[in-house]
Amino acid sequence: MSYWVNGIACRHIDVSDRAVQFGDGCFTTIHVFNQQPKMLEHHIRRLMQDSARLKLPQPDWQRLQEQILAICQQQSHDEWVLKVIMSRGTGGRGYSSLGFNQPTVIMSIAPFPLHYQALQKSGIHLMLSSVPISKNPYLAGIKHLNRLEQILIRQEIDEAQADEALVVDSDGILIECCSANLFWRKGETVFTPNLTFSGVNGLMRQKIIALLATSQYDLQEVERFPEVLGCCDEVFICNALMPILPVATINLGKNKPLWQYSSRELFEYLLLRCQI
C-alpha cells in the first residue's frame, strides 16, 4: 500500500492527530479503474457534506480533487481502491474542537477486492450479527471514523465464515450490513432501511435510489425487523466497490430457517447501470 498525508507521499501522521485521538473525522472509499476514479464528484460531495456536519475545517476542495486525479494517473495497475480520510487536524488534548483550522487529509491505495466478481455469480451468504448499531441522528448517514461496531461485526462474520451480516439497531430494526447497504424486493416494490437514526448512506445506495425513481419499481424506505426478509423475492447489498451483490442465503441463527433466494430480476436490471 502507498500513502499520502496532505498531498505528500508519507506513511506517518502526528500522534496528536484527532483521527488517532478520537476518530474525529470522516472518509470515503473510491473504486479506481483504468486510472479513473469512479463517481469522483459524488465522493467529493460526500466528504464536503459529512465534514460540514462534523464541523471539520475545510480543505481546498479543488486542490484535493486535483491530488486525487494525479495519484490515479501515477498508478500502473488497472483496478484498485483509493481511500480518502479527513480528520480535524493535529493538536490539543481534550474534546474541544476550538482552534483547529487545517484538516489532515490522508490518502491510501490498496488492491481491488477480486472476489466481488465471483460473488456476483454465486451470490453471498448473510448471517445476523448480534452486535447492534447505535441510534444517533447527529451521526446517522455519515461515514465517520468511529468504526468499532463494524470491527466487532466483522469478527463475528469471520468466525462464522459468512460473507456479510445483517445489522440491526438497538431496537432490532434492520439498518444495513457491515460494509454495505441493503435492499430487498417483493413483486415490483423495493425496500431499503430508513437511515434517519443509524447507518451509512452509501453512494451506491443513493445511486440505486435515483435509478429506481425512473424505473417500473416503487421504492420505500422503511423500518422493519429482519423477519421481513423471509417472505421477499430477492435481496441484494451494495457499496461503491461491489457495486451490487445478490444474496443467495440468509441464516438468522440456530434453530432458525435458512432463507434462500433464486430471483435476480432487480439485480440484473441494476448491475450494468451501477457499474458505469
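**Close-up views of a predicted model**

**View 1. Polar contacts made by the side chain of N239.** The N239 side chain comes to 2.8 Å from the backbone nitrogen of L241, and to 2.8 Å from the backbone nitrogen of M242 as well; a polar contact here is a pair of N or O atoms within 3.5 Å, where, within protein, one must be able to donate a hydrogen and the other to accept it, and residues adjacent in sequence count only if both atoms are side-chain atoms. This is a predicted model, in which local features need pLDDT of at least 70 and side-chain atom pairs count only at pLDDT 80 or more. Side-chain values use heavy atoms, with hydrogens and water left out, and residues are numbered from 1 along each chain as its sequence is written.

**View 2. The surroundings of N239.** N239 sits in the loop that links β13 (234-238) to β14 (244-251), strands being DSSP runs of E with at least two residues and helices runs of H or I with at least four, numbered from the N terminus. With a relative accessible area of 15%, N239 is buried, a term that means under 20% with a 1.4 Å probe and protein chains only. Leaving aside residues up to four places away in sequence, N239 touches Y116, S179, A180 and M204, where contact means heavy atoms within 4.5 Å.

**View 3. The contact of helices α2 and α3.** α2 (residues 40-53) passes α3 (residues 61-74) in a right-handed crossing, the near helix being turned clockwise from the far one by less than a right angle. L40, I44, L47, M48 and S51 of α2 meet W61, L64, Q65, I68 and L69 of α3.

How values were computed. Buried means under 20% relative accessible area, exposed over 50%, partly exposed in between (1.4 Å probe, protein chains only). Axes are lines fitted to C-alpha atoms, for helices over the stretch in contact, and angles run from 0 to 180 degrees between N-to-C directions.
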